[in-house]
Amino acid sequence: MLDEVARFYGIPGIVMSEYVDSTTEFLVQVARKRGRLGRGGVPLLESAGKIVLNDWTAGRIKWWCEPSEDTVADTDEKVVVSQWAEEFDIDALLRDVDVEMKE
C-alpha cells in the first residue's frame, strides 16, 4: 500500500525501519516533490500533510486493495442454494460449552 501511495506522488519508496520515522520521511518527500519548502529549503510538513489529506478526501488516493488472484479464482464458482441452513441454536451451543467445562 505504501508503495502505491509513493507511486501516486512520484516519490521514491519509503523504507520501513525501526530507526526511520516513515511518516515524517513520507511527508518530507511529498513536500519536496510539490515544492512546499520554507526558508532554507526546509520541508513544510504541515503543508504536505494538508496535500495528502486533500487528496484522500477527494478520492484521489486508492484506499482499498485488490484481492489476490487466489481469492478471485476461488469465487468464480457459483452455486444455487436449494434450501436454507438450520437455524442457529444458541442454547444448544451454550449447553455444549457447559458440559465441556464440567468435565
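This is a short tutorial dialogue on reading salt bridges, helix packing and surface in a predicted model.

Student: Let's start with the overall picture. How many helices and how many strands are in the chain?

Tutor: The chain has five helices and zero strands. Read from the N terminus, the order of elements is α-α-α-α-α. Keep in mind that this is a predicted model.

Student: What share of the residues in the chain is buried?

Tutor: Of the 103 residues in the chain, 18% are buried. The accessible surface comes to about 9,100 Å², and carbon and sulfur atoms account for 55% of that surface.

Student: What can I learn from contacts between residues at least 6 apart in sequence?

Tutor: They show how far along the chain the contacting partners lie. Here, 24% of such contacts join residues at least 24 apart.

Student: Now to charges. What is the general idea behind a salt bridge?

Tutor: Side chains of opposite charge can pair when their charged atoms come close. The cut-off used here is 4 Å between a side-chain nitrogen of Lys or Arg and a carboxyl oxygen of Asp or Glu. By that rule, the count is three salt bridges.

Student: Which residue forms a salt bridge with R60?

Tutor: R60 pairs with D55, and their closest N and O atoms are 2.9 Å apart. R60 itself is partly exposed, at 47% relative accessible area.

Student: And how far apart are the closest N and O atoms of R34 and D55?

Tutor: For R34 and D55 that distance is 3.9 Å, and the two form a salt bridge. This pair links distant parts of the chain: R34 belongs to helix 2 (residues 22–34) and D55 to helix 3 (residues 45–57), with their positions 21 residues apart in sequence. Put the pairs together and R34, D55 and R60 are linked in a network of salt bridges.

Student: Is D55 buried or exposed?

Tutor: D55 is buried, because its relative accessible area of 6% falls under the 20% cut-off. Its partner R34 is partly exposed, at 38%.

Student: Which residues does D55 touch, leaving out those up to four places away in sequence?

Tutor: With those left out, D55 touches F8, Y9, R34, R60 and I61. Both of its salt-bridge partners, R34 and R60, appear in that list.

Student: Which residue meets K50 in a salt bridge?

Tutor: That residue is E46, with 3.5 Å from N to O. K50 and E46 are four residues apart in helix 3, so about one helical turn separates them. As for accessibility, K50 is partly exposed at 48%, while E46 is exposed at 61%.

Student: How far apart in space are K50 and L27?

Tutor: From C-alpha to C-alpha, K50 and L27 are 9.9 Å apart, and in sequence they are 23 residues apart.

Student: That brings us to helix packing. At what angle do the axes of helix 2 and helix 3 cross?

Tutor: For a helix pair, look at both the distance between the axes and the crossing angle. The axes of helix 2 and helix 3 come within 8 Å and cross at roughly 90 degrees. Helix 2 is therefore roughly perpendicular to helix 3.

Student: Which residues make the contact?

Tutor: Helix 2 contributes T24, F26, L27, V28, V30, A31 and R34, and helix 3 contributes L45, A48, G49, I51, V52 and D55. Notice that R34 and D55 are both in this contact, and that they also form a salt bridge.

Student: One last feature, on the surface. Which residues make the nonpolar patch?

Tutor: F88, I90, L93, L94 and V97 make a nonpolar surface patch of about 470 Å². To look at one member, L94 is in helix 5 (residues 90–102). L94 is partly exposed, since its relative accessible area is 46%.

Student: Could you remind me which residues are linked in the network of salt bridges?

Tutor: Gladly: R34, D55 and R60. In that network, D55 is buried, whereas R34 and R60 are partly exposed.

Conventions
Residues are numbered from 1 along each chain as its sequence is written. This is a predicted model: local features need pLDDT of at least 70, side-chain atom pairs count only at pLDDT 80 or more; totals for chains, interfaces and linings use all residues. Side-chain values use heavy atoms; hydrogens and water are left out. Helices (H or I, at least four residues) and strands (E, at least two) are DSSP runs, numbered from the N terminus. Buried means under 20% relative accessible area, exposed over 50%, partly exposed in between (1.4 Å probe, protein chains only). Contact means heavy atoms within 4.5 Å. Accessible areas come from the Shrake-Rupley method with a 1.4 Å probe; for residues, only the protein chains shown count as cover. Patches are made of residues with over 30% relative accessible area and no salt bridge: like charges are joined within 9 Å, nonpolar side chains (Val, Leu, Ile, Met, Phe, Trp, Tyr) within 5 Å. Axes are lines fitted to C-alpha atoms, for helices over the stretch in contact, and angles run from 0 to 180 degrees between N-to-C directions. Angles under 35 degrees count as roughly parallel, over 145 as roughly antiparallel, 65 to 115 as roughly perpendicular and the rest as oblique.
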